[in-house]
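Here's a quick briefing to read with the model open beside you. Keep the viewer handy and click along as you go.

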Amino acid sequence: MRSPSYTPYQRSARPSQAARTPLEAKDFLRVHDKMAALMPTITRMAALQTDCAAALPAMFEACAIVQFESGQLVLSTPNAALAAKLKQQLPKLQDVLLQRGWQVNAIRLKVQVAPSLQKPPPPSKQLVLPQQARSALAVLADTLEDSPRNAALKAAIAAMARRDRD
């Protein structure tokens, strides 16, 4: 009888994938040659976006820089109403950018309707009644006359007094 020529696969002694640390976005861009060429442009555009947002904080929240070449800055706005308001502020924006060292000769606006990103709802504020307020509510509930008209009010006051103890 001949011995089989088949040898089963055996895992190597290399460290597992879980032991590797994830690369950050900047590290990833620096590692690959074609992506590394984009780093200066990305850094420059991010700095310009920050300076524009600092110049017009209320308006620039929804805007973005599309292109900046040869002194021509192109901004995108989500709607025509914001574009009209921003158009009135363009001389101020251009002056601020010139003061910060950006050679901006002209600014154009592009209305680009994007799917709206839903912001998470603000966290609900939970008020905590101090002990003195809870005891005052309990006294109020006890002093109210027992009548059908006051039943719902007494139940609501009791629930408020009980709420922070639970």
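What follows covers strand pairing, the core, the surface and the salt bridges.

Keep in mind that this is a predicted model. A good place to start is the parallel pairing of strand 2 and strand 3, and from there the nonpolar core, which has 20 residues in the largest case.

**Strands and crossover**

- Strand 2 (residues 72-77) and strand 3 (residues 106-111) run parallel, with 6 bridges joining them.
- Within that pair, Q72 sits opposite A106 of strand 3.
- To get from strand 2 to strand 3 the chain passes through helix 4 (residues 80-99), giving a right-handed β-α-β crossover.
- S70 lies in the loop between strand 1 (64-69) and strand 2, and its phi is near 50 degrees, a positive value for a residue that isn't glycine.
- S70 is also exposed, because its relative accessible area of 77% is over the 50% cut-off.

**Nonpolar core**

- The largest nonpolar core holds 20 residues, and the ones with the most contacts inside it are L48, C52, L73, L75, L93 and L97.
- At least two residues of this core come from each of helix 3, strand 1, strand 2 and helix 4.
- Helix 4 is the top contributor, giving 6 residues to this core.
- As a general point, nonpolar side chains in soluble globular proteins tend to be buried together.

**Surface patch**

- Not everything nonpolar is tucked away: F28, M35, L38 and I42 make up a nonpolar patch on the surface, with about 320 Å² of accessible area together.
- I42 belongs to helix 3 (residues 39-55).
- Why does I42 count as partly exposed? Its relative accessible area is 41%, which falls between the 20% and 50% cut-offs.

**Salt bridges**

- The count comes to 2 salt bridges.
- In one of them, the side chains of R100 and D51 meet at 3.1 Å, N to O.
- That pair ties together distant parts of the chain, as R100 is in the loop between helix 4 and strand 3 while D51 is in helix 3, 49 residues apart.
- The two partners sit in unlike surroundings: R100 is partly exposed at 44% relative accessibility, whereas D51 is buried at 15%.
- K154 also forms a salt bridge, with D146, and the closest N and O atoms there are 2.4 Å apart.
- D146 is exposed, with a relative accessible area of 65%.

Definitions and conventions
Residues are numbered from 1 along each chain as its sequence is written. This is a predicted model: local features need pLDDT of at least 70, side-chain atom pairs count only at pLDDT 80 or more; totals for chains, interfaces and linings use all residues. Side-chain values use heavy atoms; hydrogens and water are left out. Two strands pair if DSSP finds at least two bridges between them. Helices (H or I, at least four residues) and strands (E, at least two) are DSSP runs, numbered from the N terminus. A crossover is right-handed if, with the strands pointing away from the viewer, the path from the first strand over the helix to the second runs clockwise. Patches are made of residues with over 30% relative accessible area and no salt bridge: like charges are joined within 9 Å, nonpolar side chains (Val, Leu, Ile, Met, Phe, Trp, Tyr) within 5 Å. Accessible areas come from the Shrake-Rupley method with a 1.4 Å probe; for residues, only the protein chains shown count as cover. A salt bridge is a side-chain nitrogen of Lys or Arg within 4 Å of a carboxyl oxygen of Asp or Glu. Buried means under 20% relative accessible area, exposed over 50%, partly exposed in between (1.4 Å probe, protein chains only). A nonpolar core is a set of buried Ala, Val, Leu, Ile, Met, Phe, Trp, Tyr and Cys residues joined through side-chain atoms within 4.5 Å.
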